Amino acid sequence: MSDRNIIVHRLTRRFGDFTAVDDLSFDVGRGEVFGFLGANGAGKTTAIRMLCGLLRPSSGGAEVAGFDVARRPEQVKRRIGYMSQRFSLYPDLTVQENLQLFGTIYGVRRRALRERIEEMNDRLAMEEWRGLLVGSLPPGWKQKIALAAAMLHRPEVLFLDEPTGGVDPLERRRFWELILDAADGGTTVLVTTHYLDEALYCNRTLIMADGQMKALDRPRTLMERYGARDMDDLFGRLTRGGGE
Ligand code: ATP
């Protein structure tokens, strides 16, 4: 089996005359945490939706967990977890009920599911929220439960679209511990974030603007290469023009 869990080749998506994702190529290794950075509208969500088998590429393609995303989307969906920006949990079910429902949909057996929900409960310190309706939770907590729901079935590849959006800094740290632990366990993670400092948690980051790749490497290598003070500075330099 390949040690590359995501293989992207010239991936492109057009909406009419507009090209949202423009000729992207990159690979992500098993257990790697791969960051996708870009301003609003750069094309990150569109790229992720194609990699999850939810949107057909206009040209080019990708393999995720060994399957072609356009030809075998059902196989891809079975092997991934996806936390979308759009809130995906059921507001009128409790935290516990949501986790049970998502675990069951993803095919986790009852006993394993019980154990994993307990484990999430401990890791995320969610005991006091467990019996509450998801619709009544503060935004940061909704994000946490959505992250837990995407990870319960221990997917081979995890796509996280701004998992920490709206989450306070201390809690963001806890999110990242969970994400990094999943990667240590062999899960491949592709994550987008608006918090540029979070790029430093990633093994490599791809910086995107106007649908195109502007740079791809280890974050510290990129900062050195472009003489940037920090990730904000690097991001500004690359998305104002230039790039590789
Ligand atoms: P954000 O961080 O705001 O989610 P993003 O980098 O994820 O931004 P996308 O959501 O992928 O960006 O959007 C890229 C571009 O494609 C945007 O200009 C958006 O308006 C456009 N776009 C996305 N989906 C569609 C669609 N179904 N039809 C037309 N245009 C679309």
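**Exercise 1. Find which polar backbone atom lies 2.8 Å from an oxygen atom of the ligand in this predicted model.**

Solution.
1. Start at the backbone: the atom belongs to Gly43, and the distance to the ligand oxygen is 2.8 Å.
2. Ala42 also offers a polar backbone atom, 3.0 Å from an oxygen of the ligand.
3. Now turn to side chains. An N or O atom in the side chain of Thr46 lies 2.6 Å from a ligand oxygen.
4. Pairs of N or O atoms count as polar contacts within 3.5 Å. The Gly43 pair, at 2.8 Å, meets this cut-off.
5. Check the cover: of the 630 Å² of accessible area that the ligand has on its own, the protein covers 62%.

**Exercise 2. Describe the shell around the ligand and state which element gives the largest share.**

Solution.
1. Count the residues: 14 surround the ligand, with Gly41, Gly43, Lys44, Thr45 and Thr46 the closest.
2. Sort them by class: 5 are nonpolar, 7 polar and 2 charged.
3. Assign elements. β2 (18-29) and α1 (44-51) each give two or more residues.
4. The largest share is that of α1, with 3 residues.

**Exercise 3. Work out the strand order of the 6-stranded open sheet, and explain why one side of β6 and of β10 has no neighbour in the sheet.**

Solution.
1. Read the order: β6-β7-β8-β3-β9-β10, with mixed pairing.
2. β6 (80-83) and β10 (212-217) are edge strands with a single partner each, so one side of each lacks a neighbour in the sheet.
3. On average, neighbouring strands are turned by 15° against each other, direction ignored.
4. Take one pair. β3 (residues 33-38) and β9 (residues 204-209) run parallel over 5 bridges. Here Leu37 stands opposite Ile207 of β9.
5. Add the helix: α8 (residues 231-239) lies across β3, β9 and β10, at about 40° to β9.

Note on methods
Residues numbered from 1 in each chain as written. Predicted model: local features only at pLDDT ≥ 70, side-chain atom pairs only at ≥ 80, totals over all residues. Heavy atoms only, no water. Polar contact = N/O pair within 3.5 Å; in protein donor to acceptor, adjacent residues only side chain to side chain. Areas by Shrake-Rupley, 256 points an atom, 1.4 Å probe, with all protein chains shown as cover. Helix = DSSP H or I, 4+ residues; strand = E, 2+ residues; numbered from the N terminus. Nonpolar A, V, L, I, M, F, W, Y, C, P; charged D, E, K, R; others polar. Pairing = 2+ DSSP bridges. Axes fitted to C-alpha atoms, helices over the stretch in contact; angles between N-to-C directions. Contact = heavy atoms within 4.5 Å.
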